[in-house]
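Biologist: I'm new to this one, so could you pick a single part and take a close look at it with me? I'd like to hear about charged side chains and whatever sits around them.

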Amino acid sequence: QVQLVESGGGLVQAGGSLTLSCAASGRISSIKGMSWYRQNPGKQRELVAHITSEGGITYVDSVKGRFTISRDNAKNTVYLQMNSLKPEDTAVYYCSARITTILGWTSDYWGQGTQVTVSS
């Protein structure tokens, strides 16, 4: 079994900062891309940031210059440093990772989500 566990969400004032973490555990052989998504009720889940196993990074335009995605391959962990937060960043944030298990199965796994609320 593979699990992704997120942490670091919470309530912050506009202009503040939060760092999200997502740790993968279980029978993992390798991890390719790791991503952060966000979603609000009644809206589609939005890709916020993605990092490849080689360190290639992409961001949605609305967070460029404010958010930084990084990963620690030794810890199977991906981070999202969020600065200059805005009320419109409020959402449930999910991490996702494409993981190959020790049995050779490759799937996309998801965390349970962590709430980020930015007050104005």
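Modeller: Sure, and one bit of vocabulary helps before we zoom in. A residue is called buried under 20% relative accessible area, exposed over 50%, and partly exposed in between. Also keep in mind that this is a predicted model.

Let's start at E46. Its relative accessible area is 29%, so E46 is partly exposed. E46 forms a salt bridge with R38, and their closest N and O atoms are 2.8 Å apart. R38 has just 8% relative accessibility, so it counts as buried. As a general point, side chains of opposite charge can pair when their charged atoms come close.

The backbone brings these two together as well. R38 has E46 as its bridge partner in β5, and strands β4 and β5 pair in the antiparallel sense over five bridges. Six residues sit between the strands of this hairpin, where G42 takes a positive phi near 80°. On another side, β4 pairs with β9, again in the antiparallel sense, over nine bridges. One of the links there joins I31 to its bridge partner I99.

Now follow the charges outward. R38 and E46 belong to a network of salt bridges that also links R66 and D89. R66 and D89 form a salt bridge, with the closest N and O atoms 2.8 Å apart. R66 is in the loop between β6 and β7, while D89 is in the loop between β8 and β9, so this pair ties together parts that are 23 residues apart in sequence. Both R66 and D89 are buried.

For contrast, look at K64 and D61. They form a salt bridge too, with the closest N and O atoms 2.9 Å apart. Here D61 counts as exposed because its relative accessibility is 61%, and K64 is partly exposed at 48%. In the whole structure, a search finds five salt bridges.

Just after R66 in the chain comes strand β7, residues 67–72. In a regular strand, side chains alternate between the two faces of the sheet. You can see that in β7: F67, I69 and R71 point to one face and are buried, whereas T68, S70 and D72 point to the other and are not. β7 pairs with β8 in the antiparallel sense over six bridges, and F67 has M82 as its bridge partner in β8. This hairpin has four residues between the strands, with N76 taking a positive phi near 50°.

M82 leads us to the nonpolar residues. The largest nonpolar core has 28 residues, and W36, L80, M82 and Y93 are those with the most contacts inside it. Elements that give two or more residues to this core include β4, β5, β7 and β8, the strands we've just walked through. The largest share, five residues, comes from β9. L80 shows how the strands meet: among the residues L80 touches are W36, V48, F67, I69 and Y93.

One last stop is T58, in strand β6. Its relative accessibility is 45%, so T58 counts as partly exposed. Beyond its neighbours within four places in sequence, T58 is in contact with V48, A49 and H50. A49 and V48 are also touched by L80.

Methods: Residues are numbered from 1 along each chain as its sequence is written. This is a predicted model: local features need pLDDT of at least 70, side-chain atom pairs count only at pLDDT 80 or more; totals for chains, interfaces and linings use all residues. Side-chain values use heavy atoms; hydrogens and water are left out. Buried means under 20% relative accessible area, exposed over 50%, partly exposed in between (1.4 Å probe, protein chains only). Two strands pair if DSSP finds at least two bridges between them. Contact means heavy atoms within 4.5 Å. A nonpolar core is a set of buried Ala, Val, Leu, Ile, Met, Phe, Trp, Tyr and Cys residues joined through side-chain atoms within 4.5 Å. A salt bridge is a side-chain nitrogen of Lys or Arg within 4 Å of a carboxyl oxygen of Asp or Glu.
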